[in-house]
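Here is a short note to read with the model open beside you. Take the points in order and find each residue as you go.

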Amino acid sequence: MTGKPMQSNELDLDITIDIDQLVRDGLLNRDEAQALVAAQAADQLRQEALPTSSGDSVDKDEVKESATKHKRHWVRVTRLCNQRCTFCLDSMNQDGTYVDVDSLKAYILLGRKLGRERLILSGGEASVHPAYIELIRYGKQVGYEWVQTITNGMMFSYKRFAQAAADAGLDEATVSMHGHTSQLQDKLTGTPGAFVTGVKGMQNLQATGKVVVNIDVVINKQNYRFLPDIIEYYYNMGIREFDLLHIIPFGRGFDEHRHSLFFDLNDAVPYFRKAFEWSKREGVYLWTNRLPVTYLEGFERLIQDPHKLMSEFDGGRHNFESYLKRGIKPDCHGERCDFCFLDGPCRQTMFPYREHLEQGTFAEVAIDSQHVWQGPQAKAVFDRQAASEVVVTARTAQEALACAATLGHDTASRTVALDPGADFEPLLRQCLEPGATQPIQRLQIRTLGDAQRLLQRPEAVPATLVVELALDAQIASWLITQSQIIQALGDRLVAALPNHEYLSESRDIDPTPAQLRQLAEAGVRLKNVPPCVAGAPTEAGRLLWLDAKMLDGSGALDLDRYVHHYVKHAYYAKSIRCGLCSAADQCQGIHINYLRNHGFAIMHPLDDQGQALTDGASFEQLADRLKAANAARSKREQQKVVGLHKPVVRAVADLAIGDRP
Ligand code: SF4
Ligand code: SF4
């Protein structure tokens with residue numbers, strides 16, 4: 001580290017940070033370092049890619065959503081641990097050493113310069129670092145609002161150590177406890193005494209009165225049957241926050257203990273449901289982590305916040321960026337993918353995105369008229385796509401027309417979305433001009449005021465133009481009463497359900513499933529709504545499409561912008577019951593935040609005539625049937641069914657052939 005030496009009680013946030021040294025000390029990888037150097041040079045340090053928004057209510061969803069917006073700075077303090085967990089994800093990185101304390105301080109300081117608010121000290125086992133208490137104190141001194149540690153709790157079984165950590169400013173300790181007995185905890189951690197010392201550590205931290213204590217549980221084959229008991233045990237100790245982490249196919253757990261740790265989620269359904277009931281208790285917070293959403297039917301509020309994907313991709317940045325920029329598949333790619341919680345955003349979506357980009361086969365592209373290309377390559381790649389549809393967002397009609405004229409997709413159909421209140425007359429005039437090249441085919445309308453203004457004289461809407469209303473609850477309730485407009489426009493009127501980045505947005509503005517059904521009954525063509533929810537055929541939402549802002553200067557997909565795009569626009573889910581549905585192959589399900597808001601119960605599998613199946617099975621019945629079917633499979637096939645959304649839905653479809661319950 002270079003720069004002015006600091007006295008212990010004198011802080012200088014302008015200190016120069018030697019990023020190369022942080023790389024040598026293993027605190028950053030080369031790609032992260034390059035991003036930081038570029039940001040520092042531009043005097044514009046990179047923030048997390050989350051836009052902010054706020055809500056008024058303080059219910060559990062709001063609390064959880066706001067927690068995910070807290071900007072975190074993870075600092076790995078050691079490369080060693082005093083336990084030997086069978087599912088350790090970090091074993092490959094451990095060489096028995098501590099990270100240099102000056103480098104750690106520099107990295108902690110860097111987090112503040114990046115605007116991070118929560119410092120998380122992790123390892124290996126962070127608490128065994130000789131400077132651990134000093135690092136907590138330093139975190140507070142440089143201004144972190146909250147200092148948290150991830151720990152196995154053993155060091156805190158020394159009362160004076162726990163008190164020293166609390167006095168230094170530790171705000172929260174997340175203790176990894178995977179069992180409620182010595183037998184279970186000691187076996188899973190490979191450490192005699194892990195349970196007794198861990199519990200003692202938690203009690204000592206609680207006794208300081210200064211530290212919030214919560215627990216992490218890694219759910220695996222050995223403990224899933226005890227999950228309700230584990231929660232009850234620690235609840236009785238005063239713990240109110242539980243993070244339930246599904247085992248993932250990395251590290252020692254997959255390489256050495258795959259058969260003793262991985263399990264069929266269908267077996268776990270009754271235990272999960274009993275455990276999840278705890279989330280209904282006042283003051284109890286349950287988080288799930290990496291658990292396939294299919295298994296949260298009935299407990300949709302426990303679906304992991306989609307933004308957690310950002311930190312997951314951040315953790316493997318080097319791998320994912322190598323793929324996006326150079327086409328080198330992540331080094332985890334292969335048999336792990338079938339077990340991987342990132343399969344949806346990674347193999348199922350990111351891979352096809354890159355392939356489409358390379359081959360120029362994106363069927364739909366979108367651009368904001370004020371978009372600034374990161375480099376000439378980016379525009380060339382965008383123009384090269386053989387798109388049949390181009391969506392232009394603009395402030396004014398003139399801007400939209402000017403932008404559309406610069407694009408290379410001459411034969412593509414054009415959709416335009418203008419800012420609320422903008423004058424769309426110039427667009428309409430162009431559509432009506434005899435002999436003029438059709439400038440746009442579809443106009444997106446996003447506010448009730450604009451909808452009323454455009455549709456007050458439906459006969460004035462050009463016959464070649466489709467009007468697409470972005471539905472919110474207000475527009476939906478107005479449109480339901482507008483039979484004259486619906487009749488006049490017929491198929492030229494489309495009501496699209498927008499996707500939202502945050503659950504709170506979906507709760508505040510989305511139309512209800514009942515409104516969607518009423519609209520369909522009134523004859524409105526719905527878009528981005530599953531046919532079972534509409535009760536009628538619908539237009540599919542956009543799934544694979546390229547937004548110009550996803551491209552970096554070289555014309556490759558930018559990782560952060562891709563993940564953000566995935567969360568907001570491409571994260572769809574289906575119920576386990578969708579496997580019984582005749583529309584399953586054409587239906588992508590529903591966006592995750594509408595699902596979190598309204599639950600899987602809105603999905604009703606359809607028969608071959610498009611009618612709701614009256615003999616459709618419940619979630620529990622299907623899980624039981626999958627469990628029986630899985631038991632009849634080979635060991636390898638059984639493993640493939642474990643915990644995955646798409647194979648599960650496919651497996652139900654297999655079951656359903658000629659054998660519908
Ligand atoms: S899905 Fe992606 S992250 Fe997961 S194992 Fe495969 S390549 Fe790796
Ligand atoms: S049951 Fe599932 S697959 Fe069928 S229409 Fe509904 S969401 Fe789509």
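**Notes on the model**

1. Start at His257, which is found in the loop between helix H10 (251-255) and helix H11 (258-261). This is a predicted model, so treat every value here as computed from it. His257 is partly exposed, because its relative accessible area is 24% and the partly exposed class runs between 20% and 50%. Now look for Phe87. His257 and Phe87 are 170 residues apart in sequence. In space, C-alpha to C-alpha, they are 7.4 Å apart.

2. Stay with helix H10, where Arg252 has its place. Is Arg252 buried or exposed? Arg252 is buried, with a relative accessible area of 9%. The cut-off for buried is under 20%. Arg252 also has a partner far along the chain to look up: Arg84, 168 residues apart from it. The C-alpha atoms of Arg252 and Arg84 are separated by 9.8 Å.

3. Two further pairs are worth finding. Lys379 sits in helix H16 (residues 376-384). Its relative accessibility is 23%, so Lys379 counts as partly exposed. Lys379 and Asp552 are 173 residues apart in sequence, and their C-alpha atoms are 9.9 Å apart in space. Tyr572 belongs to strand E18 (residues 572-573). At 12% relative accessibility, Tyr572 counts as buried. Between the C-alpha atoms of Tyr572 and Gly589 there are 5.8 Å, with their positions 17 residues apart along the chain taken as their separation.

4. Next, the aromatic rings. How many aromatic pairs does a search of the whole structure find? The search finds 20. Take Phe195 and Tyr233 as one of them. Their ring centres are 5.8 Å apart and their planes are at 50 degrees, so the pair is tilted. The tilted class lies between the cut-offs of 30 and 60 degrees. Phe195 lies in helix H8 (residues 194-208), and Tyr233 lies in helix H9 (residues 227-236). The pair therefore ties together parts that are 38 residues apart in sequence.

5. Compare the surroundings of those two rings. Phe195 is buried, with a relative accessible area of 9%. Tyr233 counts as partly exposed, at 30% relative accessibility.

6. Ring pairs also build a cluster. Which residues do they link? The members are Tyr353, Phe362, Tyr562, Tyr566 and Tyr571.

7. Charges sit over rings too. Arg240 lies over the face of Tyr235, at 3.7 Å from the ring centre. The charged end of Arg354 sits over the ring of Tyr323, 5.5 Å from its centre.

8. Turn to ligand 1. Which residues are around it? They are Phe250, Phe320, Pro330, Cys332, His333, Arg336, Cys337, Cys340, Asp343 and Cys346. This shell divides into 7 nonpolar, 1 polar and 2 charged residues.

9. Ligand 2 has its own surroundings: Pro530, Pro531, Cys532, Cys578, Cys581, Ala584, Cys587, Met603, His604 and Pro605. The shell around ligand 2 divides into 9 nonpolar, 1 polar and no charged residues. Where does ligand 2 sit? The space taken by ligand 2 is the second largest cavity.

10. Finish with the backbone. The peptide bond from Gly123 to Gly124 is cis, with omega near 15 degrees. Gly124 is found in the loop between strand E4 (118-122) and helix H5 (132-141).

11. Check phi at Arg290. Phi is positive there, about 65 degrees, although Arg290 is not a glycine. Arg290 lies in the loop between strand E9 (285-289) and helix H13 (308-315). Arg290 is buried, with a relative accessible area of 17%.

12. Then check Asn528. Phi of Asn528 is near 65 degrees, a positive value in a residue other than glycine. Asn528 has its place in the loop between strand E16 (525-527) and helix H24 (531-534). Is Asn528 buried or exposed? Asn528 is buried, with a relative accessible area of 9%.

Methods:
Residues are numbered from 1 along each chain as its sequence is written. Chains are lettered from A and ligands numbered from 1 in the order in which they are written. This is a predicted model: local features need pLDDT of at least 70, side-chain atom pairs count only at pLDDT 80 or more; totals for chains, interfaces and linings use all residues. Side-chain values use heavy atoms; hydrogens and water are left out. Rings of Phe, Tyr and Trp (its six-membered ring) pair if their centres lie within 6.5 Å; planes under 30 degrees apart count as stacked, over 60 as edge-to-face and the rest as tilted. Helices (H or I, at least four residues) and strands (E, at least two) are DSSP runs, numbered from the N terminus. Buried means under 20% relative accessible area, exposed over 50%, partly exposed in between (1.4 Å probe, protein chains only). A charge sits over a ring if NZ of Lys or CZ of Arg is within 6 Å of the ring centre and within 35 degrees of the ring normal. A residue is near a molecule or strand if one of its heavy atoms lies within 4 Å of it. Ala, Val, Leu, Ile, Met, Phe, Trp, Tyr, Cys and Pro count as nonpolar, Asp, Glu, Lys and Arg as charged, and the others, Gly among them, as polar. On a 1 Å grid over the protein atoms alone, a cavity is a set of points where a 1.4 Å probe fits but cannot get out, and a pocket is an open set with protein on both sides within 12 Å along at least five of seven lines; lining residues have an atom within 4 Å of a point. A molecule sits in a cavity or pocket if more than half of its atoms lie within 2 Å of its grid points.
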